[in-house]
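Dear colleague,

I am handing over the structure we spoke about, and my notes follow below it. Please read them with the model open beside you.

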Amino acid sequence: MERPKNKIWDVKARRLELVNDTYLGYIVLMILCAIWFFASKNIKSELILPSFEKTAVEFLTGWTNKRVMTNFWITLKRVLLGVGYAIVVGTIIGIGMGYSKKVYNALSPIINSIRQIPIMTWVPLSIIWFGLGEGPTIFLIFMSAVFPLTINVIDGVANIDQNLVYASRSMGASLSDIIRDIILPGAFPSFLTGVRLAIGGGWQSVI
Amino acid sequence: MECLKIDNITKVYKGNKKEPDKIVLKDISFSINEGEFVCLLGPSGCGKTTLLTMMGGFLEPTSGKILLDGNEIKGPGSERGYVFQNYALFPWMTVKENIAYGLKFSTKTKEEKEERVKYLINMARLNGNEKKFPIQLSGGMQQRVAVARALAGFPRVLLLDEPLGAIDFQMRELLQNELDQMVQEAHITAVMVTHDVSESVFMSDRVIVLGNNHGHIVSDYKIDLPRRRDRESEEFKKCVTELTSLVRIAFNENITAGEACIMKRRK
Amino acid sequence: MVEAQNRLNTSTLYALMIMAAIIGFAIDQVLRVVERSLTRWRYKDGVS
């Protein structure tokens with residue numbers, strides 16, 4: 001017995017299947033824009049919710065605005081520099097802590113304590129240390145980036161199968177060989193995750 | 001001709017205030033001749049893997065020594081190829097690179113190494129799979145890569161730690177055949193740890209049964225059947241039955257020793 | 001952006017915030033692609 005309701009569901013289900021999952025994100029975005037558009041018409045105050053058209057105009061012209069783009073570019077360079085420092089420091093410390101339990105126990109309390117300090121409280125100190133200018137900014141980026149990176153490197157190194165180290169030893173590998181052939185490639189995926197988080201954190205902290 | 005000698009090996013794990021010292025192996029001695037395939041058989045926890053690990057040089061005995069061709073073993077080395085229970089293949093290297101790694105630190109010329117790797121890939125019947133990564137291989141293929149890698153550096157002995165431990169029954173016999181073929185073709189001395197009785201009868205010339213009582217050797221069982229072993233033959237089945245009862249004795253060793261202890265204390 | 005903050009120029013502010021978010025997102029996506037291609041050995045499918 002065919003119920004008319006079923007037919008509608010069938011058609012709807014088939015149509016939804018055609019919609020590729022990646023487009024769902026864009027659909028949500030468009031819905032949000034629509035909500036913004038209509039909400040801003042109702043809420044007259046520019047402070048609470050600026051009008052959609054005005055924001056859209058600013059947004060689109062922003063990409064060609066020399067001042068805006070230069071600023072973003074400078075910020076990006078600083079982030080890359082700060083994250084670069086964080087990568088150097090974090091990788092070395094991370095490998096050490098991941099490989100050796102002793103090193104981990106020695107450094108872990110200090111690092112975990114410093115990590116809890118809110119980033120903004122570093123500002124006065126960083127100005128004293130690095131003067132005015134780029135220094136403090138890069139330092140702040142460094143501080144936001146170094147912890148996620150280090151933690152991920154530690155995780156990556158520690159999760160390498162111990163047997164891999166044994167296996168390579170039994171083939172004649174020395175410590176430097178082990179670092180080059182096992183630890184670096186083995187920790188690399190976690191390292192990349194750490195870099196993603198570090199850049200994200202760095203970018204966030206300075207915009 | 002004596003190749004590997006286990007001389008009075010004892011292994012004790014020191015306890016702390018809560019737990020007493022744990023004696024895993026006590027005064028174990030035996031020797032292995034060149035070209036022999038020896039299985040270490042026994043119940044779980046009897047110390048056979050510990051013994052193999054020490055032969056590999058990854059663990060130090062508390063007392064006693066292990067000698068290879070008269071030289072004491074002091075750490076891992078390429079004269080002893082080791083196949084781990086989980087194969088320990090390098091996940092970021094291809095099949096070819098994994099096998100070639102076994103040769104990486106040897107002093108041979110580039111051409112010799114290339115040839116050796118080619119030969120091993122052939123022997124392990126991995127042709128066509130050289131560029132694959134371990135994650136893309138089946139369990140059987142991974143095992144063959146692990147064995148080939150262990151054999152790459154022309155080791156004197158091949159040590160295998162329950163290579164078929166995690167495999168289900170149907171695959172196991174197939175893989176035993178393949179493993180047997182590879183080891184026989186390599187003409188190498190080998191020591192394998194296993195808990196599967198029929199596997200030990202299929203693969204080895206000698207089976208050393210270790211018991212729960214600190215790895216005490218229950219039996220040194222010689223198997224004189226022609227290769228390739230026939231699993232269905234009468235002699236094969238007889239060996240399996242005899243060894244099974246020996247393993248049972250080995251398993252109960254701890255209980256009898258323990259019971260004796262309790263009885264002593266009661267008196 | 002600090003300027004826009006000070007002048008309470010909300011539309012500019014929002015616009016710049018969104019731009020920043022998009023740039024950050026783009027960087028992240030680039031890294032994800034890099035990660036996928038450099039660690040092919042982790043994935044069962046789609047390797048040579």
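Which residue takes a positive phi in the hairpin of strand 9 of chain B and strand 10 of chain B? This is a predicted model, and in it the residue is B:His214, whose phi is near 55 degrees, in a hairpin that has 6 residues between the strands. The two strands, residues 206-210 and residues 217-222 of chain B, run antiparallel and are joined by 5 bridges, and B:Arg206 has B:Lys222 of strand 10 standing opposite.

Most residues other than glycine have a negative phi, and chain B offers two further places to look at with that in mind. B:Glu162, which is not a glycine, has a positive phi of about 40 degrees, and this residue is found in the loop that runs between strand 7 (157-161) and helix 5 (169-186) of chain B. B:His187, also not a glycine, has a positive phi of about 50 degrees and lies in the loop between helix 5 and strand 8 (189-194) of chain B. As for their surroundings, B:Glu162 counts as buried because 21 other C-beta atoms lie within 10 Å, whereas B:His187 counts as exposed because there are 8 C-beta neighbours inside 10 Å.

Chain B also holds an open sheet of 4 strands, in the order 2-1-4-5 and with antiparallel pairing. Its edge strands are strand 2 (22-33) and strand 5 (71-72) of chain B, each of which pairs on one side only. Between strand 1 (residues 2-13) and strand 2 of chain B the pairing is antiparallel and extends over 8 bridges, and within it B:Ile9 has B:Ile28, in strand 2, as bridge partner. Helix 1 (residues 48-56) of chain B lies across strand 1, strand 2 and strand 4 (63-68) of chain B, and runs at about 60 degrees to strand 2.

In chain A, I would draw your attention to helix 7 (residues 134-158). The end C-alpha atoms of this helix are 36 Å apart, which agrees with the 36 Å that its 25 residues should span at 1.5 Å a residue. Helix 7 of chain A nevertheless bends by about 30 degrees at A:Val146, with a proline, A:Pro148, following within four residues. The helix is mostly covered, since 20 of its 25 residues are buried.

Turning to the contacts between chains, 18 residues of chain C are in contact with 19 residues of chain A, and on the side of chain C that touches chain A the residues divide into 10 nonpolar, 5 polar and 3 charged. Chain B, for its part, has 18 residues in contact with 11 residues of chain A, and the residues on that side of chain B divide into 9 nonpolar, 7 polar and 2 charged.

One residue of chain C deserves a separate look. C:Trp41 lies in the segment after helix 2 (10-38) of chain C, and, leaving aside its neighbours within four places in sequence, C:Trp41 is in contact with B:Pro91, B:Trp92, B:Phe133 and B:Ile135. Is C:Trp41 buried, exposed or partly exposed? C:Trp41 counts as partly exposed because there are 19 C-beta neighbours inside 10 Å, while a residue is called buried at 20 or more.

With best wishes

Conventions
Residues numbered from 1 in each chain as written. Chains lettered and ligands numbered in written order. Predicted model: local features only at pLDDT ≥ 70, side-chain atom pairs only at ≥ 80, totals over all residues. Contact = placed C-beta atoms within 7 Å. Nonpolar A, V, L, I, M, F, W, Y, C, P; charged D, E, K, R; others polar. Expected span 1.5 Å × (residues − 1). Bend = angle between axes of the 7 residues up to and from the residue. Buried ≥ 20, exposed ≤ 12 C-beta atoms within 10 Å, placed from the backbone. Pairing = 2+ DSSP bridges. Axes fitted to C-alpha atoms, helices over the stretch in contact; angles between N-to-C directions.
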